[in-house]
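This briefing introduces a structure to a reader who is new to it. Helices, salt bridges and one surface patch are taken in turn.

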Amino acid sequence: MYNPYELDHKTPSRKDFIDTTEFDQSEILDMVKVSTTVRDFIKEGGTLATLYHKNLAMIFEQKSTRTRVSFEVAMEQLGGHALNLAPGAIQLGAHETIADTARVLSRMCDMIMARVDRHASVVELAETSTVPVINGMSDYNHPTQELGDIITIFDHLPADKPLDKVKVVFVGDCTQVCASLMMITTKMGMDFVQYAPPAKWLSDDFLKIGRANNQRYGGSVHVSDNPAVLEGADFIYTDVWYGLYDKETPKDVYMREFYPKYQVNDELLAATGNPNAKFMHCLPASRNEEVTDSVLDGPNSVAWDQAENRLTAQRGLVLYFGGVAQEALDEIKGQKEELNA
Ligand code: CP
């Protein structure tokens with residue numbers, strides 16, 4: 001029976017959260033569990049100070065709204081503090097190497113979160129630091145988004161549908177968010193499809209990860225430009241048609257590639273044949289490019305729940321990789337028992 005206060009993995013199997021492929025399904029489910037149990041407790045008015053006096057250094061090589069705010073609020077809500085080390089604000093990239101930055105931050109802070117231009121940078125930070133490093137997005141993947149997204153999918157699962165019957169269709173470019181969604185949904189044994197022009201399909205290296213997950217956990221992974229793949233989708237997900245790492249693509253080029261076939265609009269949503277299909281977007285959205293206002297603001301959209309679940313996930317991640325997730329769950333259980341005594 002599901003016990004919201006008991007983790008199978010009391011401490012993380014790895015120091016850092018760089019790539020979900022490094023964790024098995026049960027450990028990801030533990031991260032989901034601590035995230036959602038703490039969320040529910042805080043929503044009921046509960047308070048926790050498990051990270052009292054703990055500091056999270058947040059390195060940003062790019063802009064961020066959701067990642068920055070969610071980590072900062074998560075640390076504050078758990079009794080700790082987050083330092084926003086914005087582009088140009090620290091020596092990294094100018095007079096100091098990544099490795100030296102990692103050594104210094106490890107002496108002053110308890111955890112590091114980094115959003116980087118190149119995946120190799122966050123890997124090097126993790127290898128050099130002595131404290132946990134969380135990948136806040138690279139040009140390869142976006143694992144903190146993955147955790148928030150799988151929480152959102154679990155929150156909105158069709159009733160009585162087993163995970164291996166849940167179909168998630170990503171519409172559009174093979175961004176790192178697309179790759180991440182594929183990695184987490186296949187890890188949960190779901191059916192994942194990317195619907196996109198062939199030139200924008202996920203690479204074979206990514207598809208290999210998905211197929212390995214299929215072998216271990218069930219489900220399937222496909223890429224297609226045939227709109228028939230939309231049929232039966234439980235979740236339709238999209239991201240901008242030009243990623244943060246692809247800023248130089250002129251608008252007329254990406255519009256030609258994707259518009260109108262791959263725009264998530266009312267017709268595309270109807271093509272699922274599922275009136276309850278949910279719409280997801282990692283945000284920020286380019287309204288009326290990859291998604292219309294009518295879908296993003298419509299009744300099937302769970303994009304705002306999804307944004308809120310970035311905070312849900314970050315609380316879970318800082319507790320889990322801070323090594324105190326079970327302690328937080330014990331505290332919640334104890335407080336609830338006291339209230340009910
Ligand atoms: N989805 C996401 O990572 O948003 P930000 O770029 O605003 O952090």
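Helices (H or I, at least four residues) and strands (E, at least two) are DSSP runs, numbered from the N terminus. The model is a predicted one, in which local features need pLDDT of at least 70, side-chain atom pairs count only at pLDDT 80 or more, and totals for chains, interfaces and linings use all residues. Residues are numbered from 1 along each chain as its sequence is written, and side-chain values use heavy atoms, with hydrogens and water left out.

**Helices α1 and α6**

- Helix α1 covers residues 25-43, and its end C-alpha atoms lie 27 Å apart, in agreement with the 27 Å that its 19 residues should span at 1.5 Å a residue; the expected span is 1.5 Å times one less than the number of residues.
- Of the 19 residues of α1, 14 are buried, so this helix is largely enclosed by the rest of the structure; buried means under 20% relative accessible area, exposed over 50%, and partly exposed in between (1.4 Å probe, protein chains only).
- After α1 comes G45, with a positive phi near 100°.
- Helix α6 (residues 176-187) has 12 residues that should span 16 Å, and the 16 Å between its end C-alpha atoms agrees with this.
- Helix α6 is mostly covered, with 12 of its 12 residues buried.
- G189, just after α6, has a positive phi of about 80°.

**Salt bridges**

- The structure contains 16 salt bridges, each a side-chain nitrogen of Lys or Arg within 4 Å of a carboxyl oxygen of Asp or Glu.
- One of them joins R39 to D155 at 2.9 Å, N to O; this pair links distant parts of the chain, as R39 is in helix α1 and D155 in helix α5 (residues 143-155), 116 residues apart.
- R39 is buried, at 11% relative accessible area, whereas D155 is partly exposed at 37%.
- Another salt bridge connects D100 and R103 (2.7 Å, N to O); because they are three residues apart in helix α3 (residues 98-108), about one helical turn separates them.
- D100 is partly exposed at 32% relative accessibility, and R103 is partly exposed at 44%.
- R39, D40 and D155 form one network through salt bridges that share partners.

**Surface charge**

- E327, D330, E331 and E338 form a negative surface patch; patches consist of residues with over 30% relative accessible area and no salt bridge, with like charges joined within 9 Å and nonpolar side chains (Val, Leu, Ile, Met, Phe, Trp, Tyr) within 5 Å.
- E338 lies in helix α12 (residues 325-340) and is exposed, at 67% relative accessibility.

How values were computed. Areas by Shrake-Rupley, 256 points an atom, 1.4 Å probe, with all protein chains shown as cover. Lys, Arg positive; Asp, Glu negative; His and termini not counted. Charge placed at Lys NZ, Arg CZ, Asp CG, Glu CD.
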